[in-house]
Amino acid sequence: MGLIRTLKNRLRDGAFHRWLQRRKDQKELDAWEKSGRPPPPPFKKKLVRDIARQYGTRVLVETGTNWGNTVASSLGTFDVIYSIELFDELYEKAVRRFARHPKVKLRYGDSAHELPRILDELREPALFWLDAHYSGDGTARADVDTPIMKELQIISRHQVSNHVILIDDARCFNGTNDYPTIDVCRALSAGFWPCHEFTVVDDIIRITPK
């Protein structure tokens, strides 16, 4: 039993496992298209990879590790993957899961506190996948339900100006539970990154260089 578990752990998140997972993701995407594209879309992990290739970003910064599936899906696409998780149990599981992947750098804590430390290490454009928020049992809450406003302010002060930013769960941006409205987020983006485009497509806010 121990040998089987060891083999599974070594195969997990390897190249063959990622290939199988991406085939599964494609089937889910096809089913979603046939059902009329209801929110939320199932292709978010693929979108992260596609956007990275489109803009040539080799560093991923994720807030909200959760189960680590976005990190796992992004292996092989990025040179370095940072991911921040506030809930201790999820963080510890991610540490065990990615122990053999040196390109994955996990950080424990509030993203509003950990992002500046990561940015101190960055000297090139990164793709930011912002998905840190309180979602009830099994997740952690910091001072607010979502630190998105603080996250954007922190990124805007970085010396590199042409980062790519994706924000999950656009449907939640309605002015409640510490979420700004879409219009407020658009105004912030225009002030912070006047040379970027702001779009909302399939439940994802995209702030991308023109």
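A residue is called buried when its relative accessible area is under 20%, and a salt bridge is a side-chain nitrogen of Lys or Arg within 4 Å of a carboxyl oxygen of Asp or Glu. Both terms are used in the exercises below, which concern a predicted model.

**Exercise 1. Describe the sheet: in what order do the strands lie, and which are the edge strands?**

Solution. Begin with the order, which reads β3-β2-β1-β4-β5-β7-β6 for the 7 strands of an open sheet with mixed pairing. Next, look for strands that pair on one side only, and you find β3 (104-108) and β6 (196-201), the edge strands. From one strand to the next the twist averages 15 degrees.

Then take one pair of neighbours in detail: strand β4, residues 127-130, pairs with strand β5, residues 164-167, in the parallel sense over 4 bridges. Within this pairing, leucine 127 has valine 164 in β5 as its bridge partner.

**Exercise 2. Which strands do helices α3 and α5 meet, and at what angles do these helices run?**

Solution. Start with helix α3 (residues 44-55), which lies across β1 (59-63), β4, β5 and β7 (204-209), and which runs at about 10 degrees to β7. Continue with helix α5 (residues 88-97), which packs on the sheet and touches β2 (80-85) and β3, while its direction makes about 160 degrees with that of β3.

**Exercise 3. Glutamate 85 is buried yet has no salt bridge; what does its side chain reach?**

Solution. First place the residue, which belongs to strand β2. Secondly, consider charge: the nearest side chain of opposite charge is that of lysine 93, at 11 Å, whereas a salt bridge needs the atoms to be within 4 Å.

Thirdly, turn to the backbone. The side chain of glutamate 85 reaches the backbone nitrogen of asparagine 66 at 2.8 Å, and one of its polar atoms lies 3.1 Å from the backbone nitrogen of threonine 65. Finally, list the surroundings: leaving aside residues up to four places away in sequence, glutamate 85 touches Gly64, Thr65, Asn66, Leu90, Tyr91, Arg107, Tyr108 and Gly109.

**Exercise 4. Which residues are linked with Lys44 in a network of salt bridges, and which parts of the chain do its pairs tie together?**

Solution. Side chains of opposite charge can pair when their charged atoms come close. The structure holds 11 salt bridges, and a network of them links Lys44, Asp168, Asp169, Arg171 and Asp203.

Step one is the pair of lysine 44 and aspartate 168, whose closest N and O atoms are 2.4 Å apart. Because lysine 44 lies in helix α3 and aspartate 168 in the loop between β5 and α8 (182-192), this salt bridge ties together parts that are 124 residues apart in sequence. Lysine 44 and aspartate 168 are buried.

Step two is the salt bridge between lysine 44 and aspartate 203, with the closest N and O atoms 3.4 Å apart. Here aspartate 203 lies in the loop between β6 and β7, so the pair joins parts 159 residues apart in sequence.

Step three adds arginine 171, whose side chain meets that of aspartate 203 in a salt bridge at 2.4 Å, N to O. Arginine 171 sits in the loop between β5 and α8, and aspartate 203 in the loop between β6 and β7, 32 residues apart.

To finish, compare the accessibility of these two partners: arginine 171 counts as partly exposed because its relative accessibility is 46%, whereas aspartate 203, at 10%, counts as buried.

Conventions:
Residues are numbered from 1 along each chain as its sequence is written. This is a predicted model: local features need pLDDT of at least 70, side-chain atom pairs count only at pLDDT 80 or more; totals for chains, interfaces and linings use all residues. Side-chain values use heavy atoms; hydrogens and water are left out. Two strands pair if DSSP finds at least two bridges between them. Helices (H or I, at least four residues) and strands (E, at least two) are DSSP runs, numbered from the N terminus. Axes are lines fitted to C-alpha atoms, for helices over the stretch in contact, and angles run from 0 to 180 degrees between N-to-C directions. Contact means heavy atoms within 4.5 Å. Buried means under 20% relative accessible area, exposed over 50%, partly exposed in between (1.4 Å probe, protein chains only). Lys and Arg count as positive and Asp and Glu as negative; His and the chain ends are not counted. A polar contact is a pair of N or O atoms within 3.5 Å; within protein, one must be able to donate a hydrogen and the other to accept it, and residues adjacent in sequence count only if both atoms are side-chain atoms.
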